[in-house]
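Let's take a friendly walk through a protein model, one feature at a time. Keep the structure open beside you and look up each residue as you read.

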Amino acid sequence: MRPGGDAVCWFAVRGFPLTDKIDPGLEPHKAQRAALVVCGVVQGVGFRPFIYRLAMEEGLAGFVGNHTGGVTIEIEGPPERVAAFVARLHREQPPLARIDSVAVRELPLVGDAGFRIAASEVLGPVSTGIPADAATCPDCLRELLDPNDRRYLYPFLNCTNCGPRFTITRRIPYDRPQTSMAKFPMCPECQQEYNDPLNRRFHAQPNACRVCGPQVWLVAADGAEIASDDAVEDCIDRLIAGQIVAIKGIGGFHLSVDATNEAAVMRLRERKHRYGKPLAVMVRDLEAARAVCTLNAAEEALLSTPARPIVLAARREGCGIAEGVAPGIPWLGVYLPYAPLQHLLFADRRAHALVMTSANLSEEPIAIDNEEALARLGGIADAFLMHDREILQRCDDSVAAAVDGVPQLVRRARGFVPLGVPLPFDAPPLLAVGGHLKNVFALARGRFAYQSQHLGDLENLTGLEFFRESLDHLMRTFEIEPQTVVHDLHPGYLSTTWAKERALERGLPLIAVQHHHAHVAGCMAEHGLEGPVIGLALDGTGYGTDGKIWGGEVLIARLEGCKRFAHLDYVPMPGGEAAIKEPSRMAFASLRTAGFDLESAASLAGLTAEEVRVLDRMMERDVNAPLTSSLGRLFDAVAAVVLNRRVVDYEAQAAIELEGVAMDEADEEPGYAMKFMGGDWTAREPVRISCVPLWHGLVEDLRACVSKATIAARFHSGVAAGFVQAAVMARAATGISQVALSGGCMHNRRLARLLRVKLEAVEFEVFQHLQVSPGDGGLSYGQVAVAAAMLNRSKSAGKLD
Ligand SMILES: [Zn+2]
Ligand SMILES: [Zn+2]
């Protein structure tokens, strides 16, 4: 369901139903004692001091302590005070806390003298999860910029409401000795804050100050330390002068340049060998963000959440950001500082906007270690701003967008990981290894799936090493020993090979889940739907049950299985993988399939006679020309014809540019037509959605010199209308009127909006992803949902026997 269009409530998305009422059996007495068991994200986020303060204010006696998976509270006092306490517990919880459930029961009176915070030992062994990293809170920011505060301009201040968590923790329990703060013994003043239940820094594990905590320094490209009175000031000087500085952050190094300096941006691109992919831009605050982008309420809320994701928002004309930051795209990935060190870069108001892009080469994991950074980035950065707080978990910045006012995660990493995503039912201990590109795995147990951070592409050993490293860490963190391994159906994925080896080695059962089924199941699980639903899985690449490459799918899905109702008609991909990197190949193949002659198809695709001869032969002889029903490839083909985008520099570039060119264009209804062929639901023969009329309409417009923007708009409208029509056919055949939207194409905000509007106009109930990415980053969550549903069903079937 649509979450009211309110981005703030996104982060308050709770688990499934709460039990938060005082047992009605409780009789009013003079005094009452209640035990509360609070589960959720309640450890390492200042929850116990919050409870302590609440009990003090309500004049209640008792205690609070951590227990496995949550917090136990016992309170004793007048019934109305106890009730007020429970109500305030929900209303006033600390900013980083997330209450999933509160169980309350009455106890006999004890008559304790006051309220205390119980040591962990009292309640037995504690299994604390690790909270996510959180942006500097307003209180800390005030101290950072207050010349009278003892932490004035100290780049590592934090408190229980903010600071690094996941990225500095080696293993559980989340306590200072298990973090990279272990090597910094606290000074007496810090220790006193840490020990005081009424202090904002009570048990703030990364607590530090200039006297006792981490320090920054500047290093030249050759590794020599640069003597400087103020390394941060020196760093700003260099950035303003156009240098590239590698800056150590929370989840890894960033490469930074002045985002208003065209030449500096181009130099960064050249040195990084990254020419097309947009670069993220950090600005001082919300006001500065409004100056470079036009922001709606949902986007502003997203920018301001403690997770501080990069937010995709429309770039303002003449905003001063260099064109080279996001070439060919009318929006920017913009975000706000989330670490004190980053706030300091903007504090003297010389820097307006800084490129802050992950410090890596192409899709390698982000660099985290000082030595590693020097070795890997020596040829890119002119200088390094380093510090001595070790990063123990690599974690890229998260990326989010507002789709028609509803927040959507494009990449789920820093600020979200390792927060659990709720499941609608209990899952046995599972490991789902995800897909291939933009890999994210998931561990599941009970009511939660724990997704890893974005790991990048699993194409080589570096990627696989990061996968192993992160898996070990997350298994330790949550003490989950998977009993089943779940993987994608694709036999060639590195993740599939790894899953099979792992299962063999440990004697574990394997479950393979079809790619688009996993996408749709993820969306269903997020909304607690068991199905059947109509699933629109609109995607780039996924291995189908017929061995072909799927991606424009209308599925009738339950969690534990699905059937294919309709799909985009197959088109060959001449050259296989090469057709993904060269959209002109897809254009040629699509046009030929649509009946255009060799010459017209070649010229529309921008290919020479020689080039098309090879492609035509591949298609004709069916050699290295796998068939695909992918919507992503259709976008590529159209972008190649309309925008002359022949080759792409990064994944989905063609589709992104096609969305971009239509951005300011009104909806063009009805758009290009699609045709429906075949299909017999009872005989399980899927409907084929043909793009032949679409191509003819498009080419006609192109020849009539209709603008690119209008053509792109008509294309989006036509595609949306085609899939809505397919959903209507599916409803007629099955009676199902709930639609789950998923797949990488749902990152296309125009398409996502059009689908929702058109589906709702014909009275479908529409569901889309909220907490996990609709793209391959969300795949492992869907794999968990499918596998858990299958295992639960076979278990209950076993019971019946
Ligand atoms: Zn703080
Ligand atoms: Zn200190």
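In this predicted model, the zinc ion (ligand 1) is coordinated by the SG atoms of C137, C140, C159 and C162, at 2.3 Å. The angles among these four donor atoms run from 103 to 120°, and the site is tetrahedral. Along the sequence, the donor residues follow the spacing C-x2-C-x18-C-x2-C. Two of these donors link distant parts of the chain: C140 sits in helix 4 and C159 in the loop between helix 4 and helix 5, 19 residues apart. Both C140 and C159 are buried.

Now turn to the zinc ion (ligand 2). Its protein donors are the SG atoms of C187, C190, C209 and C212, which lie 2.2 to 2.3 Å from the ion. What arrangement do the four donor atoms around the zinc ion (ligand 2) make? Their angles are 104 to 117°, so the arrangement is tetrahedral. The spacing of the donors of ligand 2 along the chain is C-x2-C-x18-C-x2-C. C187 belongs to the loop between helix 4 and helix 5, while C212 belongs to the loop between helix 5 and strand 6 (216-220), so this pair ties together parts that are 25 residues apart in sequence. C187 counts as buried because its relative accessibility is 10%, and C212 is buried as well, with a relative accessible area of 9%.

Next come the salt bridges, of which the count comes to 48. Here are three of them, with the distance between N and O atoms.

| Salt bridge | N to O distance |
|---|---|
| R150 and E193 | 3.2 Å |
| R414 and D397 | 2.9 Å |
| E582 and R585 | 2.9 Å |

Let's take these pairs in turn. R150 forms its salt bridge with E193. R150 lies in the loop between helix 4 and helix 5, and E193 lies in helix 5, so the pair ties together parts that are 43 residues apart in sequence. Is each partner buried or partly exposed? R150 is partly exposed, with a relative accessible area of 30%, whereas E193 is buried at 13%.

R414 has D397 as its salt-bridge partner. This pair links distant parts of the chain, with R414 in the loop between strand 17 (406-411) and strand 18 (421-432), and D397 in the loop between strand 15 (383-387) and strand 16 (399-403), 17 residues apart. R414 counts as buried at 2% relative accessibility, and D397 counts as buried at 4%.

In the third pair, the side chains of E582 and R585 meet. E582 is partly exposed, with a relative accessible area of 29%, while R585 is buried at 16%. Elsewhere, salt bridges that share partners join E57, E58, R81, R88, R91 and E92 into one network.

R585 also leads us to helix 16, where it is one of the buried residues, together with others including M586, F588 and L591. Why is helix 16 (residues 583-593) described as largely enclosed by the rest of the structure? Nine of its eleven residues are buried, so the description fits. After helix 16 comes G595, whose phi is positive, near 95°.

Finally, let's visit the surface. L145, Y152 and L153 make a nonpolar surface patch of about 240 Å². L153 is placed in the loop between helix 4 (138-144) and helix 5 (188-195). With a relative accessible area of 32%, L153 is partly exposed.

Methods:
Residues are numbered from 1 along each chain as its sequence is written. Chains are lettered from A and ligands numbered from 1 in the order in which they are written. This is a predicted model: local features need pLDDT of at least 70, side-chain atom pairs count only at pLDDT 80 or more; totals for chains, interfaces and linings use all residues. Side-chain values use heavy atoms; hydrogens and water are left out. Patches are made of residues with over 30% relative accessible area and no salt bridge: like charges are joined within 9 Å, nonpolar side chains (Val, Leu, Ile, Met, Phe, Trp, Tyr) within 5 Å. Accessible areas come from the Shrake-Rupley method with a 1.4 Å probe; for residues, only the protein chains shown count as cover. A salt bridge is a side-chain nitrogen of Lys or Arg within 4 Å of a carboxyl oxygen of Asp or Glu. Helices (H or I, at least four residues) and strands (E, at least two) are DSSP runs, numbered from the N terminus. Buried means under 20% relative accessible area, exposed over 50%, partly exposed in between (1.4 Å probe, protein chains only). Donors are N, O and S atoms within 2.8 Å of the metal (3.2 Å for Na, K and Ca); water is not among the atoms, so sites may look incomplete. Four donors count as tetrahedral if all angles lie between 85 and 135 degrees; four count as square planar and six as octahedral if opposite donors are over 155 degrees apart and all others between 65 and 115; anything else is irregular.
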